[in-house]
Structures are given as structure tokens and as C-alpha cells.
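Here's a plain walk through this one, from one strand out to the whole chain. Keep the viewer open as you read.

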Amino acid sequence: MRRRMMATAVLLAGILVPGIAAAHGEGEEDQVVLTGRLEVGEGEEFGNAVIFDGPVIVDGEIHGNVVAANDSVLVSGLVEGDVHAFNGPVTVTGEGRVDGDVFHRGDLSIEPGGVVAGMLL
């Protein structure tokens, strides 16, 4: 089962990463993690954030999209694009803001004060 999920994640990367790369400005560095933890600390700014196996924590700013294939997404900073969570919960804290849509298959929690400007799908 785990091998099948990783194969799906690799396939999604081949489809999604080129498309989301155009979603942010020139010179912004993307963060891509195969397995582990993807953290964007307070004061840090990146283009896109993509992780295949592990959680995403956004305390800073993402000027593109967040894609998490197999774990949770926690937004307490800013995501200017969309959040894609294929197999895990999404939490937008009271200080968090997502300017795009949130695509999720797991639980979704938006705390009081948290903002999702786009659609919840």
C-alpha cells in the first residue's frame, strides 16, 4: 500500500509541479521535500511548497501553492495560492490566511480569525 501511495505521489509531482511552478514570481525559491517535514518559519518566504510524505507547517509566506500528498497541512501564516491536501487534515489557525482554494480529502479546520478566501473543495 505504501509503495502504491509513493508511486501516486511521484505521478502527481510530474503533473502538478510544472503547473504550479508558474504560479509565483521570478526568483522565488520552491521547497520540495520527498519525506520528512516541510516548515516555512515566521519571516521566511517561498514560491511553492510540495511534500510527498510528511507534514507542512506554514508560519511564514508561500507565494504559490502548497501540495501535501500524505500528511497534514497547518497554516498560521500566508498562502497566496491554493492548498492541496490529498491524504491528511488541513488546519488554518486564527492567524492563518489562504488566498486561494483548499482542496482536501481529510478533515478541515478553520479556527476563528482564520481566512480562506477561495472555495473549499
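## Ile51 and its strand

Ile51 has Ala68 as its bridge partner in β7. That pairing is part of a parallel arrangement, with three bridges joining β4 to β7. Ile51 itself belongs to strand β4. Keep in mind that this is a predicted model.

How buried is Ile51? Its relative accessible area is 0%, so Ile51 counts as buried. Leaving aside residues up to four places away in sequence, Ile51 touches Val33, Gly36, Arg37, Leu38, Val56, Val67, Ala68 and Ala69. If you measure C-alpha to C-alpha, Ile51 and Thr35 lie 6.9 Å apart in space, with their positions 16 residues apart in sequence.

The rest of the strand follows suit: five of the five residues of β4 are buried, so β4 is largely enclosed by the rest of the structure. Besides β7, strand β4 also pairs with β1 (residues 31-35), in the parallel sense and over four bridges. In that pairing, Thr35 has Asp53 as its bridge partner in β4.

## The loop after β4

Go on along the chain and you reach Pro55, which sits in the loop between β4 (49-53) and β5 (56-58). Is Pro55 buried or exposed? With 15% relative accessibility, Pro55 counts as buried.

Pro55 touches Gly36, Arg37, Leu38, Asp71 and Ser72, again not counting residues up to four places away in sequence. Its C-alpha atom is separated by 7.8 Å from that of Asn70, and the two residues are 15 apart along the chain.

## Two open sheets

Now for the sheets. One open sheet has five strands in the order β2-β5-β8-β11-β14, and the pairing is parallel. At its edges are β2 (38-40) and β14 (108-110), and each pairs on one side only. Neighbouring strands of this sheet are turned by 5° against each other on average, direction ignored. Within the sheet, β11 (residues 90-92) runs parallel to β14, and three bridges join them. One of the residues involved is Val90, whose bridge partner in β14 is Leu108.

Another open sheet is built from five strands too, in the order β3-β6-β9-β12-β15, with parallel pairing. Its edge strands are β3 (45-46) and β15 (115-116), each with a single partner strand, so one side of each has no neighbour in the sheet. Inside this sheet, β6 (residues 61-62) pairs with β9 (residues 78-79) in the parallel sense over two bridges. Ile62 has Val79 as its bridge partner in β9. As background, strands of a sheet pair through backbone hydrogen bonds, either parallel or antiparallel.

## The nonpolar core

Which residues of the largest nonpolar core touch the most other members? The core has 21 residues, and the ones to look for are Val56, Ile62, Val66, Val73, Val79, Val83 and Val98. The elements that give two or more residues to this core are β2, β4, β5, β7 (66-68), β8 (73-75), β10 (83-85) and β11.

Val98 is worth a click. Not counting residues up to four places away in sequence, Val98 touches Val75, Val79, Gly81, Val83, Val92, Val115, Val116, Ala117 and Gly118.

## Salt bridges

How many salt bridges does the structure hold? There are two. In general, side chains of opposite charge can pair when their charged atoms come close.

In one of the pairs, Glu39 forms a salt bridge with Arg37, and the closest N and O atoms are 2.6 Å apart. Glu39 counts as partly exposed because its relative accessibility is 45%. Arg97 also forms a salt bridge, with Asp99 as its partner and the closest N and O atoms 2.4 Å apart. Both ends of that pair are partly exposed: Arg97 has a relative accessible area of 37%, and Asp99 has one of 31%.

## The chain as a whole

Zooming out, the protein chain has one helix and 15 strands. Of its 121 residues, 41% are buried. The chain exposes about 6300 Å², and carbon and sulfur atoms supply 53% of that area.

And the contacts along the chain? Take those between residues at least 6 apart in sequence: 11% of them join residues at least 24 apart.

Note on methods: Residues numbered from 1 in each chain as written. Predicted model: local features only at pLDDT ≥ 70, side-chain atom pairs only at ≥ 80, totals over all residues. Heavy atoms only, no water. Salt bridge = Lys/Arg side-chain N within 4 Å of Asp/Glu carboxyl O. Buried < 20%, exposed > 50% of the residue type's maximum accessible area, 1.4 Å probe, protein only. Contact = heavy atoms within 4.5 Å. Pairing = 2+ DSSP bridges. Axes fitted to C-alpha atoms, helices over the stretch in contact; angles between N-to-C directions. Areas by Shrake-Rupley, 256 points an atom, 1.4 Å probe, with all protein chains shown as cover. Core = buried A, V, L, I, M, F, W, Y, C linked by side-chain atoms within 4.5 Å.
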